[in-house]
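Let's take a stroll through a protein model together. Keep the 3D view open and find each spot as it comes up.

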Amino acid sequence: MVGHAVPEVARTTSRRRTRPHSARRVLRGRESELAGLVTILDTAITAGRGTVVSVVARAGMGKTALITEMEIAAVARGFRTAWSGPGDDFRPDTLAGLLGDADTEITDPRLVLERRLARGPLLISLDDFEWDEPAVRTLGMVFSLVTTRPLVCVLAHRSGRHAFRLERLFRFSEDREAMVYLPLGRLPDDVAVAVVSDVLGATPDAALTAVVACAEGNAAALVRLAGWLVREGLVRCENGVARLTHEITATSQSTPASECVDTLVRCAFDALSPQTRQALDVAAVLGRTFAPDDVAEMLRQPVAVLAPALREALTTDVLDCAAEKMRFRHDLVWQSVLRSIPVPVRSALHTQAARMLLARGDSVIDSAGHLLRGAVRGDTATVEVLRAAAEQTLRSSPRAAAELAVRALELMVGDSEEWLPLTMIAVEACARGGPLSTAVELASGAIARDVPPAAAAMLRYWLSTALTLQDRPADAAEVAAGLFSCPGVPADLSRRLLLNRSMAVTVRGGPPTAPPGADQVIMPASGPMAAWQAGMVTAALRMSRDAVLAEEVRFPVTWLGHPRLARAAILTGLRDIEGARAAVAAVEQDVDYTLSALPTLMRARLDLAIGRSASAVAEATECLALARETGVRLHLPAALAVLTTVALRRGDRVADASGDALVQWAAAEVAGTRAVALEWAWAQSALAQEDYHGCLRVLEWISRDDDSCRALFVEEPAAAAWIVRTALAMGRRDWAMRAADTADRLAQDDPDVASVVVAAAHARGLLHDDVEALAQAAGGHEDLWARASAAEDLGEALLIVDREAAVQRLEDAVALYVSVEAERDAARGRRRLRALGVVKRHWQRRDALKTGIASLTETEQTVVSLVAEGLTNRQVASRMFISRHTVAFHLRKVFRKLDISSRVQLAHHIQFGTD
């Protein structure tokens with residue numbers, strides 16, 4: 001950038017100005033142009049002939065600052081300088097005054113100029129001065145001496161201004177090979193960021209970088225932007241990173257940050273012609289990307305008439321080309337233009353756009369998108385279009401269908417035949433895409449009215465589904481009971497409700513119970529999840545495999561108990577890492593938005609099982625965020641259990657400030673409920689904090705509730721051993737025996753399921769001090785923390801009979817705990833070994849001694865390597881079988897560890913190794 005934050009210095013028409021060098025900042029983005037100008041100065045000295053330089057740019061691009069830098073270089077080379085700027089008259093007598101010496105009375109400007117040149121080289125800088133005939137004549141005289149004297153003349157002016165006056169003069173210099181054109185374009189994005197970094201003293205983060213881009217590389221606008229952000233308190237600088245204190249959204253609501261963008265856009269648009277601004281208003285309504293033909297049609301003008309306006313928008317970098325269409329270069333600029341259009345005008349333009357698209361037979365969905373923003377209440381034609389669009393999008397995009405259908409219902413006046421089909425679309429769409437509260441409200445209101453039985457059955461089905469996802473099992477069961485009791489209800493709806501309930505119980509972690517009215521439904525209809533909850537693991541695996549192969553799974557995953565979701569959940573519970581990851585990856589592409597947290601939750605649990613704690617935290621936190629957005633509360637206990645477990649193992653707080661807020665919200669939402677997996681996690685946390693009463697309360701509940709105990713043991717392979725160990729430590733051998741017996745029964749019923757058999761061996765080994773059973777567990781657990789726990793228990797059991805083997809097992813346990821970031825457990829193992837007289841320096845956490853790239857976890861290093869290849873977050877997520885949100889989470893951690901703030905810096909860090 002050129003000249004940002006350069007102080008104003010008085011300029012006179014009688015003396016060469018001086019500028020304090022210490023006040024100047026680093027030159028940004030114009031280094032090559034300055035180098036070219038310096039070369040021209042050097043050539044004038046060595047060759048004895050000069051050059052005319054035309055510096056052309058829009059206002060604020062740094063013309064004046066570039067001239068300033070050139071003058072400083074010229075003075076250092078022995079040049080005399082003269083300058084004329086805005087408001088000055090460049091006449092012959094003015095030139096004589098600029099060049100005249102106090103000891104001469106010569107007033108002929110040409111003689112004064114020649115005398116000055118005889119004494120040394122001269123630089124004349126003309127910066128947007130007043131262009132008139134006397135000025136042009138004076139320039140002609142100056143240009144005539146350029147080819148024979150060491151004279152450099154720099155003219156800084158805006159593109160297109162006074163072109164007719166300059167053309168003949170420039171042609172004269174061109175013919176004599178003494179003319180150089182130097183256009184100044186927009187500063188590159190990285191340079192623009194560097195400019196703002198210079199002013200703020202910190203590197204902008206991604207959100208602030210997006211705002212910086214709205215300045216379109218205009219140097220003056222960038223400096224004004226940075227100063228305005230500081231004055232208004234809209235930027236916070238921490239650890240070398242500058243962040244906005246307010247979010248910028250696409251809504252019409254004004255925020256300080258959005259006002260900042262609006263100010264930038266207004267400044268840029270002030271230089272545009274009225275025709276261009278009008279065309280951009282219409283284009284913004286059509287969308288960020290638009291067809292010039294559509295703009296012309298809405299303006300009732302031929303494209304040829306519109307072409308100059310669009311060309312001006314292109315040359316000023318407001319727009320760029322996208323294939324056969326055009327688009328706003330930056331999303332925030334597009335949003336700002338939309339905000340600038342008065343709401344009534346914007347609505348009218350959306351209506352006009354919709355009618356245009358409908359008239360020529362374009363997509364009803366495209367037309368409906370405009371009608372959403374421009375329709376008025378009572379417009380029956382609009383309601384029909386919105387309903388048709390909602391029907392078309394319901395299958396592929398329920399969230400879009402929900403917006404269309406709900407808006408259509410809002411536009412209806414009085415009773416209409418469109419009401420029922422619209423309500424049914426809206427209920428299903430909201431149940432599948434959110435918000436669930438809208439689905440519940442609309443369905444409850446419709447059921448209370450006199451609607452046909454078939455419609456009532458569908459409404460009850462989706463209402464029960466929504467209530468289930470909201471984690472309101474009693475309300476959902478009551479609605480389902482009404483459906484079961486209705487004659488002629490499709491068997492498929494009843495079966496899906498049962499599958500939904502079975503899956504809900506597993507996800508939430510509650511005891512399995514049958515819904516009212518379902519007594520006459522045969523057990524197989526309840527699906528694999530019912531068998532899973534009952535501890536029939538082999539049957540659950542077989543049933544889930546058969547169900548996935550059934551024809552119905554070809555359809556999108558639109559309901560909670562879908563066989564593909566059930567299969568993925570069962571494999572996750574069994575810690576079949578590869579099989580579960582494949583099942584999750586296959587289902588998440590087709591799952592409805594209100595169900596999208598389930599694959600994310602499964603990934604979190606799998607990551608936890610293999611020791612990828614950071615990924616587990618990221619995925620679980622994403623589950624909480626999705627819950628708050630959609631209203632789905634069902635998976636909150638399981639997500640909180642993951643976060644609680646990671647925090648317990650690490651012995652610290654794992655969430656950042658935003659995560660803490662989400663955790664607090666989620667904990668308040670599940671208050672008063674009993675989810676066995678979360679209760680178990682809380683019991684472990686209570687025991688770690690020596691809250692024996694809290695731990696005992698949970699332990700008693702789990703031990704005495706066979707259903708809950710069985711459900712916990714099939715989901716958590718380490719749970720049975722933990723309960724046995726804790727119960728024995730508290731003197732409740734009866735509870736320990738019940739837990740071990742339950743685990744043994746599960747193993748006897750499913751002898752071919754390794755995770756169940758190993759868990760039972762672990763529990764039995766603890767209860768009976770069975771070294772062989774503990775050794776079986778230490779070598780068989782797929783869950784790495786459970787394996788470490790078994791190795792620790794085996795080491796303790798071996799102390800009496802084989803001290804050397806015991807030490808080896810305890811060391812194995814410590815190593816495993818460290819590998820899964822269970823520092824609290826590793827510390828306990830180290831203390832036990834020290835008590836045995838074993839001290840090894842390598843027990844210290846290796847990560848604590850590492851910095852730079854070496855400090856990254858294995859997962860973080862994988863993310864870094866893929867990002868370095870140029871992959872996007874989505875592509876990295878696909879390669880690693882994680883979500884793009886998790887990739888972003890890991891990148892943020894990498895940036896903090898390496899003290900960088902962008903992918904560019906990351907690539908440089910990897911390439912040049914700045915550790």
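What follows is a short tour of ring pairs, cavities, helices and a few backbone spots.

First, some housekeeping. This is a predicted model, in which local features need pLDDT of at least 70 and side-chain atom pairs count only at pLDDT 80 or more, while totals for chains, interfaces and linings use all residues. Residues are numbered from 1 along each chain as its sequence is written, and side-chain values use heavy atoms, with hydrogens and water left out.

**Rings that pair up**

How many aromatic pairs does the structure hold? There are six aromatic pairs. Rings of Phe, Tyr and Trp (its six-membered ring) pair if their centres lie within 6.5 Å; planes under 30 degrees apart count as stacked, over 60 as edge-to-face and the rest as tilted. Take phenylalanine 143 and phenylalanine 170: their ring centres are 6.5 Å apart and their planes sit at 20°, so this pair is stacked. Phenylalanine 143 belongs to helix 5 (residues 133-146) and phenylalanine 170 to helix 6 (residues 163-175), so the pair ties together parts that are 27 residues apart in sequence. By the way, helices (H or I, at least four residues) and strands (E, at least two) are DSSP runs, numbered from the N terminus.

Are these two rings buried or exposed? Buried means under 20% relative accessible area, exposed over 50%, and partly exposed in between (1.4 Å probe, protein chains only). Phenylalanine 143 is buried at 1%, and phenylalanine 170 is buried at 6%. Ring pairs also bring in Tyr181, making a cluster of Phe143, Phe170 and Tyr181.

Now look at tryptophan 680 and tryptophan 722. Their ring centres are 6.3 Å apart with planes at 75°, so this pair is edge-to-face. Tryptophan 680 sits in helix 32 (residues 676-688) and tryptophan 722 in helix 35 (residues 719-729), so parts that are 42 residues apart in sequence are tied together. Both tryptophans, 680 and 722, are buried.

Some rings have a charge for company. A charge sits over a ring if NZ of Lys or CZ of Arg is within 6 Å of the ring centre and within 35 degrees of the ring normal. Here are two cases:

| Charged residue | Ring | Distance to ring centre |
|---|---|---|
| Arginine 399 | Tyrosine 593 | 3.8 Å |
| Arginine 674 | Tryptophan 701 | 4.1 Å |

**Empty space inside**

Rolling a probe the size of a water molecule over the atoms shows where empty space is left. On a 1 Å grid over the protein atoms alone, a cavity is a set of points where a 1.4 Å probe fits but cannot get out, and lining residues have an atom within 4 Å of a point. Grid points are joined across faces, edges and corners, and a volume is the space filled by probe spheres set on the points.

This structure has nine cavities of 30 Å³ or more, and the largest has a volume of about 480 Å³. It is lined by 36 residues, and the closest to its centre are Arg605, Ala638, Ala677, Glu715 and Glu716. Which helix gives the largest share of that lining? Helix 28 does, with six residues. Helices that each supply at least two lining residues include helix 28 (597-609), helix 30 (636-650) and helix 32. By class, the lining has 23 nonpolar, six polar and seven charged residues (Ala, Val, Leu, Ile, Met, Phe, Trp, Tyr, Cys and Pro count as nonpolar, Asp, Glu, Lys and Arg as charged, and the others, Gly among them, as polar).

**Two helices from the lining**

The expected span of a helix is 1.5 Å times one less than its number of residues. Helix 32 has 13 residues and should span 18 Å; its end C-alpha atoms are 18 Å apart, which agrees. Buried residues in helix 32 include Val676, Leu678 and Trp680. After helix 32 comes glutamate 690, with a positive phi near 60°.

Helix 30 has 15 residues and reaches 21 Å from its first C-alpha to its last, close to the 21 Å expected. In helix 30, 14 of the 15 residues are buried, so this helix is largely enclosed by the rest of the structure. Just after helix 30, glycine 651 has a positive phi of about 75°.

**Backbone spots**

Glycine 434 and proline 435 are joined by a cis peptide bond, with omega about 0°. Proline 435 is in the loop between helix 19 (419-433) and helix 20 (436-447). Glutamate 177 has a positive phi near 50°, and this residue is exposed at 71% relative accessible area.

Key. 1 Å grid on protein atoms, 1.4 Å probe; cavity = no way out; pocket = protein on both sides within 12 Å on 5 of 7 lines; lining within 4 Å.
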